[in-house]
Amino acid sequence: MIEVIATGPQNTVQDLGRDALRHMGVATAGAMDSLALRTGNLMLSNAPGSAAVEVQTFPLIVRFSAGGVIALTGADGCATLDGRAVLPWWALPVQAGQVLEIRHPRQGARVYLCVAGGIDVPLLMGSRSTALRGGFGGLEGRPLEAGDALAVCETKPLSIAPEGFGVRPPACAMAHALPAQADGALTLRAIPAGEAHWFGKDLPRFWAQSWKISTQSNRTGYRLAGEPIQAEQRQEMRSYGLVPGVVQVPPGGEPIVQLSDANTAGGYPKVAGVIEADLWRLGQAAIGSRIRFVEASPREAIAAEAAVEAYLAGIRRVSELRG
């Protein structure tokens, strides 16, 4: 059992989400940085989609009521266990009564607290993820609150040295396969979408400028601030299916990137789609930071996905050797 002593708003239980129900109007939800979640679960020999705590407002302070093994992945939350520093991308044993504190990251936006066995909340429509807009899943469909108690699924004992072990963060391990940053902006690969040609002379500016993630952003989508782009071709559109990564442009001209809690349908013209292999990087982009889109081909998207899978395969081999 994990007791929540203190928490910021919007910290939730998340797994990999509900990916087969969008046709029924059920949003995916799930971790904003799915690679951090998958890596943490592999480090603990969990099933890839085991539930964890996604921490995006700080601090989070929890007390463990029983011994176990945890892993911290994602952003570096300057974590401490009973006052002793815990490195990011690190797995370690915890004892009953110990207190873990996760503070505001130096860089990045979200920390994942994974636990051997996974967080045990009801399985709903195939997932334990919290759907905040719908008010279901996770722990009573809401963010965590002080005083909450999270159960942990039963699992076989995990052998781990007292000092624990770590893995290379994906941004370092895959640096050769990631686009270089420009002007301090996070560069994201994207494929032009169906209505990209509607934007005519404004389209080059979409790709050229850096966009600021505005304060009007959340898990549903990031609203981007910059010099607006306007569609030259205007016509009424029928609603179409949405998935995370789609970049829509509302009438105001400032794009919205759909994210984990994305609507299941929409009708604004689409200018681009962030490739799936870069969504974890977008999930670590903090409000107020800048992003830039770089045009990619389907072949490049496939190669990027292969790099992610190769990284995970390496983590899996390490875990198997340890087991």
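Select cysteine 114 to begin: its sulfur is 13 Å from the closest cysteine sulfur, in cysteine 153, which is too far for a bond. Keep in mind that this is a predicted model, where local features need pLDDT of at least 70, side-chain atom pairs count only at pLDDT 80 or more, and totals for chains, interfaces and linings use all residues. Residues are numbered from 1 along each chain as its sequence is written, and side-chain values use heavy atoms, with hydrogens and water left out.

**Cysteines**

Stay on cysteine 114. This residue is buried, with a relative accessible area of 0%. Buried means under 20% relative accessible area, exposed means over 50%, and partly exposed lies in between (1.4 Å probe, protein chains only).

Now select cysteine 78. Which cysteine sulfur is closest to the sulfur of cysteine 78? That sulfur belongs to cysteine 172, and at 16 Å it is too far for a bond. Cysteine 78 is buried as well, with a relative accessible area of 17%. How many disulfides does the structure hold? The count is 0, a disulfide being a pair of cysteine sulfur atoms within 2.5 Å.

**Strand β5 and its partners**

Next, select residues 68-74. This is strand β5. Strands (E, at least two residues) and helices (H or I, at least four) are DSSP runs, numbered from the N terminus. In β5, 6 of the 7 residues are buried, so the strand is largely enclosed by the rest of the structure.

Add residues 90-94, strand β8. β5 and β8 pair in the antiparallel sense over 5 bridges. Two strands pair if DSSP finds at least two bridges between them. Look for alanine 71, which stands opposite alanine 91 in β8.

Then add residues 111-115, strand β10. β10 runs antiparallel to β5, and 5 bridges join the two. Here leucine 72 has leucine 113 of β10 as its bridge partner.

**The barrel**

Move on to the barrel. In what order do its strands close? The 7 strands follow the order β14-β21-β18-β19-β16-β15-β22, with mixed pairing. On average, neighbouring strands of this sheet are turned by 40 degrees against each other, direction ignored. Such angles run from 0 to 180 degrees between N-to-C directions, and the axes are lines fitted to C-alpha atoms, for helices over the stretch in contact.

Zoom in on β18 (residues 246-248) and β19 (residues 256-258). These strands run antiparallel, joined by 2 bridges. Valine 247 has valine 257 in β19 as its bridge partner.

**Salt bridges**

Finally, turn to the charged side chains. The whole structure has 16 salt bridges. A salt bridge is a side-chain nitrogen of Lys or Arg within 4 Å of a carboxyl oxygen of Asp or Glu.

Select aspartate 202. Is aspartate 202 buried or exposed? Aspartate 202 is buried, with a relative accessible area of 8%. One salt bridge links aspartate 202 to lysine 201 (3.6 Å, N to O). Lysine 201 counts as exposed, at 66% relative accessibility. Aspartate 202 also forms a salt bridge with arginine 205, with the closest N and O atoms 3.3 Å apart. Arginine 205 counts as partly exposed, at 22% relative accessibility.

Elsewhere, salt bridges that share partners join Glu140, Arg142, Glu145 and Asp148 into one network. Within it, the side chains of arginine 142 and aspartate 148 meet at 2.9 Å, N to O. Both arginine 142 and aspartate 148 are buried.
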